[in-house]
Amino acid sequence: MMAEAKKYPAPQGNPETKPFWDAASQGKFLIKRCTACGEPHYFPRSICPFCFSDKTVWEESSGEGEIYTFSLMRKSATGPYAIAYVTLKEGPSLQTNIVDCDLDKLRIGQKVKLVFKPTDGAPLPFFTPV
Amino acid sequence: MSIKGKAYIAGIYEHPTRHAPDKSTAQLHAEVAKGAIEDAGLTKADIDGYFCAGDAPGGAWPMVDYLGLKVRHIDSTETGGCSYLIHLGHAAEAIAAGKCSIALITLAGKPRTSAMAPRAAGAEADFEAAYGATTHNAYGMCAMRHMHDYGTTSEQLAWIKVAASHHAQYNEHAMLRDVVTVEDVLNSPMISDPLHRLDCCVVTDGGGALIVTTPEIARSLKKPLVRLIGHGEAMKGPRGGKDLDLTYSAGVWSGPRAFEEAGVTPGDIKYASIYDSFTITVLMQLEDLGFCRKGEGGKFVADGNLISGVGKLPFNTDGGGLCSNHPVNRGGMTKIIEAVRQLRGQAHPKVQVPNCDLAIAHGTGGLLGVRHAASTCILERA
């Protein structure tokens, strides 16, 4: 089954995450990396959630990853959708939807890549099978 | 300091309603409070501590005022469905520290009459809200990965619903009283893969309340004595996306803390109240608490092992959230209440565990697949 085109809410943004949304508007998908402990993380924080250093920097992600898990949600007024966690090549896993594909053929471990979807504000990151 | 044996559950009350369009939420809180106070043989004036969570309209201060309480200890810890398990632990701490001597804990609400407002978002909102995480699909993602990693099957999950339905048939207040089969569960509509409609709990109006007190006061009342001997609480989330693992819950931390404090092991437990928002919730909690090894929950729950009088670990003998009651979409309160009934010997005779002297009540709150809390209480007949 194919998901219908859907209207997504615009991100509200805040001073801490503004660079992420500014980059998204330029088509770039950013993660954060801590220069003290070297660990990447997502969603972005100013202080590293692992070592609590404030020496975190923005880094462009490859946008490549694989499906860690998913569930095809059928109880939805706007049609079925696939919620998922994708593990990025850089390491962090993130919550997303898998879009623009045959939802019945999804499987754990499947390779996926980033695709931005428009909102009334900055675009939102989604993933689609490679 | 340990809370072991320092607090007793002297009063319990589960509202018999499952649909209450003609009552207010505050009224339901008052009705369950009245029920628990009367069950304990106390009066409202005796209450000097009050505990409530996010379901209390307006929070603690409007509720304390509405109920007409005069308290010297207040706790409004909000951790979703396991709030009341945490309240029980915190009430024991407060009682042990002399901050209050008779604590009231209430839960009530009406999600069956009208849908509840979504919980307030945290710092993750912009990065998650658009993707439509709900209870159904967040637990579906856990089940999907558990199946992938451990070969757990839908048939095994179905046995959990089957066991709950065997118990619910004897509960006159249960919302679903028909005994179901594994096939019934598998043939029910898919809600969010791999969870079927019958893998899900009921949605009910209602509530429940507890009275927690000192050993001395408990002994002065005319009720069978039930005491808290171990308590644990914990939280888990994606932690910046590092090492995401949805096959275990925060119960891996709350459980051992509670067992260690109680000085007992899972093998000693005679009856288990395990939060059952979905079948997968039960399976993962049983593993996380140590009733079986990680990944072997499917085998553990199969073939009626959770049915009272049939299997090794009788669970949710009131029918649980899967069949009886899930007031305010929060299962922690009713888990404690049925454990106390079992320890008092007041469960339905068809499901009463013989010589039930040690029980566990455990629950989670939030979304198991996203961010959640867990709390474990070990209860003993004194």
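The following dialogue considers chain B of a predicted model and its contact with chain A.

Student: What makes chain B count as compact for its length?

Tutor: The radius of gyration of chain B is 19 Å, and the globule rule gives 21 Å for 382 residues; the two values are close, so chain B is as compact as a globular protein of that length. Along the principal axes, its C-alpha atoms fill a box of roughly 55 × 50 × 45 Å. The chain has 13 helices and 11 strands.

Student: How much of chain B is buried?

Tutor: Buried residues account for 61% of the 382 residues in chain B. As for its contacts between residues at least 6 apart in sequence, 77% join residues at least 24 apart.

Student: Why is B:Cys356 called buried?

Tutor: A residue is buried if 20 or more other C-beta atoms lie within 10 Å of its own. B:Cys356 has 21 such neighbours, so it counts as buried. The residue is located in the loop between α13 (332–344) and β10 (358–366) of chain B.

Student: Which residues does B:Cys356 touch, leaving aside those up to four places away in sequence?

Tutor: They are B:Lys270, B:Tyr271, B:Gln342, B:Leu343 and B:Gly345. By way of contrast, B:Ala117 stands 239 residues from B:Cys356 along the chain, and their C-alpha atoms are separated by 39 Å.

Student: What makes β3 and β9 of chain B edge strands?

Tutor: Each of them, β3 (73–75) and β9 (271–274), pairs on one side only. They belong to an open sheet of 9 strands with mixed pairing, in the order β3-β2-β4-β7-β1-β8-β11-β10-β9. From one strand to the next, the twist averages 20 degrees.

Student: How do you know that β4 and β7 of chain B pair?

Tutor: Two strands pair if at least two bridges are found between them. Strand β4 (residues 102–109) and strand β7 (residues 206–213) are joined by 8 bridges, so they satisfy that condition, and they run antiparallel. Within this pair, B:Ile102 stands opposite B:Thr213.

Student: Which helices lie on the sheet?

Tutor: Helix α3 (residues 83–96) of chain B is one of them: it lies across several strands, including β1 (7–14) and β8 (226–236), and runs at about 165 degrees to β4(B). Helix α13(B) also packs on the sheet, where its direction makes about 175 degrees with that of β10(B). Among the strands that α13(B) touches are β9, β10 and β11.

Student: Where do the domains of chain B lie in the sequence?

Tutor: The domain assignment gives domain 1 as 7–115 + 205–224 and domain 2 as 134–202 + 228–381. Their C-alpha centres lie 23 Å apart.

Student: How do the two domains of chain B meet?

Tutor: In this contact, 28 residues of domain 1 face 31 residues of domain 2. On the side of domain 1, β1, α3, β4 and β7 each supply at least two residues. The largest share there, 7 residues, comes from α3(B). That side divides into 15 nonpolar, 9 polar and 4 charged residues.

Student: How many residues form the contact between chain B and chain A?

Tutor: Chain B gives 28 residues and chain A gives 32 residues. The elements of chain B that contribute two or more residues are α4 (125–128), α5 (135–150) and β5 (190–192). Of these, α5(B) has the largest share, 7 residues. The side of chain B that touches chain A consists of 12 nonpolar, 9 polar and 7 charged residues.

Technical notes: Residues numbered from 1 in each chain as written. Chains lettered and ligands numbered in written order. Predicted model: local features only at pLDDT ≥ 70, side-chain atom pairs only at ≥ 80, totals over all residues. Contact = placed C-beta atoms within 7 Å. Helix = DSSP H or I, 4+ residues; strand = E, 2+ residues; numbered from the N terminus. Nonpolar A, V, L, I, M, F, W, Y, C, P; charged D, E, K, R; others polar. Rg over C-alpha atoms; globule rule 2.2 N^0.38 Å. Buried ≥ 20, exposed ≤ 12 C-beta atoms within 10 Å, placed from the backbone. Axes fitted to C-alpha atoms, helices over the stretch in contact; angles between N-to-C directions. Domains from an automatic or database assignment.
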